[in-house]
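User: Please take a close look at a single part of this model, starting from one strand pairing and working outward through the sheet that holds it. I would like the cut-offs stated where they matter.

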Amino acid sequence: MTGPRLAPRRAARHTRAALGLTWRAAPAGTTADLLLAVLAGVAPVLVAALTKLVLDGLTRGRSPGSLALLGVGLAVAAAAGVLLPHLRAYVEKERMRAVSRLVRRRLHDAVLRLVGLVRLEDPTFQDRLQAAQQTGHLGPTQLTGNALGGVQSLIALSGFLGVLLALSPVIGLLVLAAALPTLWLQLRLNRARAAMVLHLEHFQRRDLFFAQLLVGVPAAKEVRLFGLGRFLGDRMLAELHGMHAVEQRLDRRELRAQSLLGLLGAVVAGVGVVYTVAAAAAGRLTPGDVVIYLAAVPGVQGALGSLVGQLGAIHRALLLFDHYDEVVRAERDLPVPAVARPVPPLRRGIELCDVWFRYSPRHPWVLRGVDLFLPAGSTTALVGLNGAGKSTLVKLLCRFYDPERGAIRWDGVDLREFDPAALRERLGAVFQDFMPYDLTAAENIAVGDLAARDDPGRLRAAARQAGVDETLAALPRGYDTLLTRIFYEGPDRDDEQAGVVLSGGQWQRVALARGFLRADRDLLILDEPSSGLDAEAEHDLHTRLRDLRRGRTSLLISHRLNAVRDADTIAVLADGRVAEYGRHDELLAAGGGYARLFTLQARGYREDSPASV
Ligand SMILES: Nc1ncnc2c1ncn2[C@@H]1O[C@H](COP(=O)(O)OP(=O)(O)OP(=O)(O)O)[C@@H](O)[C@H]1O
């Protein structure tokens with residue numbers, strides 16, 4: 001694994017951005033850390049220098065007063081040397097927390113800027129996003145931490161190197177030269193480590209996926225009933241093995257290289273020791289010189305090693321920062337006009353003109369020239385077989401994607417001319433794959449319109465319309481009951497009643513209540529709103545929806561053709577196009593696909609003929 005390279009200009013940009021982030025997140029902590037780093041760099045050199053002075057003072061008979069002063073200085077410098085790393089570690093952790101909050105917020109803002117779904121469904125982008133989430137804060141923190149550590153090492157290095165060069169320029173230069181291969185190797189290893197992060201991300205995401213299936217509630221029933229435990233566990237372990245194999249290869253490479261370099265350092269140090277002791281024996285050096293020499297060789301090697309490590313870590317931090325940078329700089333996935341047109345209230349209707357769509361060039365066409373008009377103030381029903389593209393059409397209406405060819409027009413204006421957020425403000429929707437949130441019942445309805453969050457009256461009215469008010473009011477804590485058994489809130493840890501699990505149909509009604517909160521919007525989209533409801537509830541719901549839809553623009557999708565028969569118009573989607581269009585009785589009379597499906601379903605309800613669908 002050779003690893004990615006970072007062009008100098010890009011590295012410089014990342015450095016500025018990462019340092020800027022750190023400064024904005026923790027200005028006081030960063031200043032304090034800089035001061036501490038300088039002190040921490042000076043302390044060991046001071047200890048060595050004072051030790052030499054004390055020793056030489058002792059052998060040369062300096063006054064007890066000045067020796068005592070040197071002793072106090074030595075004690076203070078040594079104490080500082082012990083305390084400063086702990087202080088720095090604390091300041092660094094504080095800074096890391098502040099940076100990670102800021103980075104998380106910026107990543108979150110960047111993801112929210114992706115107004116569509118295209119990029120979120122791209123596995124490569126997901127890998128980057130996960131890597132950015134996990135390591136985004138490490139870039140700035142490590143960069144700053146190592147830069148400050150570098151300052152500390154540089155001060156210590158200059159001090160010790162000055163001493164060494166003064167005593168023996170040859171040994172000084174030898175020690176310095178021995179560090180060069182370490183620097184080169186460290187940079188190579190760092191590149192490989194950074195490449196590994198992205199490489200591992202894919203393994204990690206899949207590992208997490210299998211682990212969650214194994215321990216999570218959503219898949220628990222199927223895992224147990226179908227006996228999937230061993231199968232999923234093996235898949236999870238295979239991912240883990242893959243991940244560990246990659247890590248192990250790099251660790252072994254690192255072990256070989258570090259051992260060789262360690263040996264080289266020891267040989268250089270050994271030569272230095274022999275030389276100094278011989279020189280002292282010959283009277284060319286004092287005992288103090290020997291002591292400072294013995295401190296300086298490991299001091300230089302240690303400081304050089306740290307410096308090299310810090311440079312490497314800075315390099316790695318910059319490479320890691322690349323993931324964060326890519327995500328926060330990601331272009332919008334859908335074009336948003338610089339000056340968007342305001343979205344007017346719908347007067348005439350929404351027109352799909354020759355709409356072609358596929359999820360990506362690698363995917364087949366889903367829609368192949370759909371022409372459809374959704375007149376304002378009336379209900380259009382959309383029916384079709386599984387996979388016909390009904391939900392896809394809904395996603396295009398919400399502008400989660402743009403058509404590849406053709407256009408969707410809102411009172412004649414192409415949806416692409418609007419700000420997607422402004423467009424969505426005018427839409428209400430109940431999705432087929434709605435989201436059950438692990439939040440309270442009230443919050444689960446309020447997500448439909450957060451403005452209603454503090455308005456229990458509106459929430460209850462919506463729940464009443466969806467036929468779920470009584471159920472929610474009867475929960476242990478009424479609307480404040482958590483609709484989950486996975487989380488608890490603070491004091492609820494031991495309360496068995498803290499969270500509840502709703503039935504599928506009850507959840508469906510909660511999702512409907514969200515939709516009812518937005519019932520006053522210009523277009524109401526109902527994608528299979530009654531799936532999961534019992535027959536009585538379904539009948540009741542469709543009666544309510546009929547009343548609600550009256551005079552409003554709505555798009556109703558349902559496989560239960562009895563529920564769509566009274567829509568103002570019905571469009572049948574087949575082979576990526578609108579194959580049939582008209583009122584229920586017109587379509588029945590035409591004797592096409594709709595008539596066939598309706599007859600099949602109707603037969604299913606008659607006792608004398610068994611259902612075939
Ligand atoms: N995010 C996606 N990426 C790639 N293909 C997708 C995606 N979503 C749906 N598809 C494909 O698009 C086609 C149409 O799916 P869609 O969900 O629109 O059908 P539908 O008519 O709503 O079906 P159903 O009645 O089963 O709900 C299917 O072949 C499906 O596999």
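Analyst: In β5, the residue that bridges to W410 is V413, and this pair belongs to the two bridges by which β4 and β5 are joined in an antiparallel arrangement. Strands here are DSSP runs of E at least two residues long, helices are runs of H or I at least four residues long, and both are numbered from the N terminus; two strands pair if DSSP finds at least two bridges between them. The coordinates are a predicted model, in which local features need pLDDT of at least 70 and side-chain atom pairs count only at pLDDT 80 or more, while totals for chains, interfaces and linings use all residues. Numbering starts from 1 along each chain as its sequence is written.

β4 and β5 form a hairpin with two residues between them, and within that turn D411 has a positive phi of about 50°. On its other side β4, residues 405-410, is joined by five bridges to β1, residues 349-357, and these two strands also run antiparallel. W410 takes part in this pairing as well, since it is the residue of β4 that I350 stands opposite, and E351 has R409 of β4 as its bridge partner. W410 thus faces I350 and is also the bridge partner of V413.

Seen as a whole, the sheet is open and has four strands, in the order β2-β1-β4-β5, with antiparallel pairing. Because β2 (367-375) and β5 (413-414) stand at the edges with a single partner strand each, one side of each is left without a neighbour in the sheet. Strands of a sheet pair through backbone hydrogen bonds, which may be parallel or antiparallel. In a regular strand, side chains alternate between the two faces of the sheet.

A second open sheet offers a useful contrast, with six strands in the order β6-β7-β8-β3-β9-β10 and mixed pairing. Its edges are β6 (427-430) and β10 (577-582), each of which pairs on one side only. β6 is joined to β7, residues 523-527, by four bridges, and these two strands run parallel; within that pairing, L427 stands opposite L523 of β7.

Between β2 and β4 in sequence numbering lie several of the residues that surround the ligand. Its shell has 13 residues, and Y359, N386, K390, S391 and T392 come nearest, where a residue is near if its C-beta atom, placed from the backbone, lies within 6 Å. Helix α10, residues 390-397, gives the most to this shell, with three residues. By class, the shell has three nonpolar, eight polar and two charged residues, with Ala, Val, Leu, Ile, Met, Phe, Trp, Tyr, Cys and Pro counted as nonpolar, Asp, Glu, Lys and Arg as charged, and the others, Gly among them, as polar.

Earlier in the chain the picture is helical in two spans. Residues 259-278 are 100% helix and 0% strand, with the end C-alpha atoms 29 Å apart. Residues 290-314 are likewise 100% helix and 0% strand, and there the end C-alpha atoms lie 35 Å apart. An unreviewed UniProt entry places the feature "transmembrane region" at several spans, including 259-278 and 290-314; such annotations, given in the numbering used here with shortened feature names, may be inferred rather than shown by experiment.
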